[in-house]
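Biologist: I've got the sequence and the model open side by side. Can you walk me through it?

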Amino acid sequence: MSSMDQKRDQLKGRAHQLYYQAQQNAPNSRQVLGLVTLLLAGGLLLLLGGLALTGTTITALLATPVLIFFSPILIPLAVVAFFTIGGLLGAGTFGVAVLSVISWAYNYYKGRHPYGADQVDDVRQRLSETASQIKEKARGYGSEAKEYVQSKTDTSVAA
C-alpha cells in the first residue's frame, strides 16, 4: 500500500468519525422547533418595537405644534393636576395608614395578638418599670429635700 492510500484511509476514518460525532451532537426536532419559535418571537417583538418607535416619533412631530400653541393653558393645568393627584394619593395613603393602625389597635385590645404585639408589651413593661423607678427616686429626693428644709428651719428657729 502506498503512502497516498494510507493517507486516504486515515482521512476516510477521520471523516467517518466527524460524521458520527455530528450525528450524536445534532439537535433534535424539539430543539430546532424551539430555536425557530425563539427567532420568530424575537423578530416579531423587534418589529413591534420599531413600529412603536416610529408611531411615537410621528405622533410627537404632529403634536408638537398643537402643544406649543396650547402651552399657556396646558402647563398651569398640568401643574394643578399634578398637585391635585398628588394630594389625593397622599390623603388616600394616610387614610389607609390610619385604618391599618386603628385595625391593629382594635385587634390588640381585643386580645387577638396582632403582629408586633410582643414588642408593644415589652415596651409597655419597660416604661412601667422606668416610671416606677423614677417615682421612687422622686420620693427619695422629695424626702431628702423635706429633711433639708426642716433642718434649716430647725436651726434658724433655734438661733
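Biologist: Let's start with Thr54: is it buried, exposed or partly exposed?

Modeller: Keep in mind that this is a predicted model. Thr54 sits in helix 2. Its relative accessible area is 44%. Buried means under 20% and exposed means over 50%, so that value falls in between, and Thr54 is partly exposed.

Biologist: How far is Thr54 from Ala91, C-alpha to C-alpha?

Modeller: Along the chain, Thr54 and Ala91 are 37 residues apart. In space, their C-alpha atoms are separated by 40 Å.

Biologist: What is the end-to-end span of helix 2, residues 29-109, between its end C-alpha atoms?

Modeller: Start with what a straight helix would do: 81 residues at 1.5 Å a residue would give 120 Å. Helix 2 falls well short of that. Its end C-alpha atoms span only 66 Å.

Biologist: Where in helix 2 is there a kink?

Modeller: Look shortly before the proline Pro72. The chain bends there by about 80°. The residue at the kink is Ser71.

Biologist: Which residues does the UniProt annotation "transmembrane region" cover?

Modeller: That label comes from an unreviewed UniProt entry, and it covers two stretches. In the model, one of them is 100% helix with its end C-alpha atoms 31 Å apart. The other is also 100% helix, with 49 Å between its end C-alpha atoms. In order, the annotated residues are 32-53 and 73-106.

Biologist: What is the area of the nonpolar surface patch that includes Leu74?

Modeller: Leu74 is in helix 2 and counts as partly exposed, at 35% relative accessibility. A patch residue needs over 30% relative accessible area. Leu74 shares the patch with Val66, Leu67, Phe69, Phe70, Ile73 and Leu77, and the area comes to about 700 Å².

Biologist: Which residue pairs with Glu136 in a salt bridge?

Modeller: Side chains of opposite charge can pair when their charged atoms come close. The structure holds one salt bridge, and its N to O distance is 3.5 Å. Both residues lie in helix 3 (residues 117-158), three residues apart, about one turn of the helix. The partner of Glu136 is Arg139.

Biologist: Which residue has a positive phi although it is not a glycine?

Modeller: Don't mix it up with Gly111, which follows helix 2 and has a positive phi near 85°. The one you want lies in the loop between helix 2 and helix 3. Its phi is about 55°, and the residue is His113.

How values were computed:
Residues are numbered from 1 along each chain as its sequence is written. This is a predicted model: local features need pLDDT of at least 70, side-chain atom pairs count only at pLDDT 80 or more; totals for chains, interfaces and linings use all residues. Side-chain values use heavy atoms; hydrogens and water are left out. UniProt positions are given in the numbering used here, feature names are shortened, and annotations may be inferred rather than shown by experiment. Helices (H or I, at least four residues) and strands (E, at least two) are DSSP runs, numbered from the N terminus. The expected span of a helix is 1.5 Å times one less than its number of residues. The bend at a residue is the angle between axes fitted to the seven residues ending there and the seven starting there. Patches are made of residues with over 30% relative accessible area and no salt bridge: like charges are joined within 9 Å, nonpolar side chains (Val, Leu, Ile, Met, Phe, Trp, Tyr) within 5 Å. Accessible areas come from the Shrake-Rupley method with a 1.4 Å probe; for residues, only the protein chains shown count as cover. A salt bridge is a side-chain nitrogen of Lys or Arg within 4 Å of a carboxyl oxygen of Asp or Glu. Buried means under 20% relative accessible area, exposed over 50%, partly exposed in between (1.4 Å probe, protein chains only).
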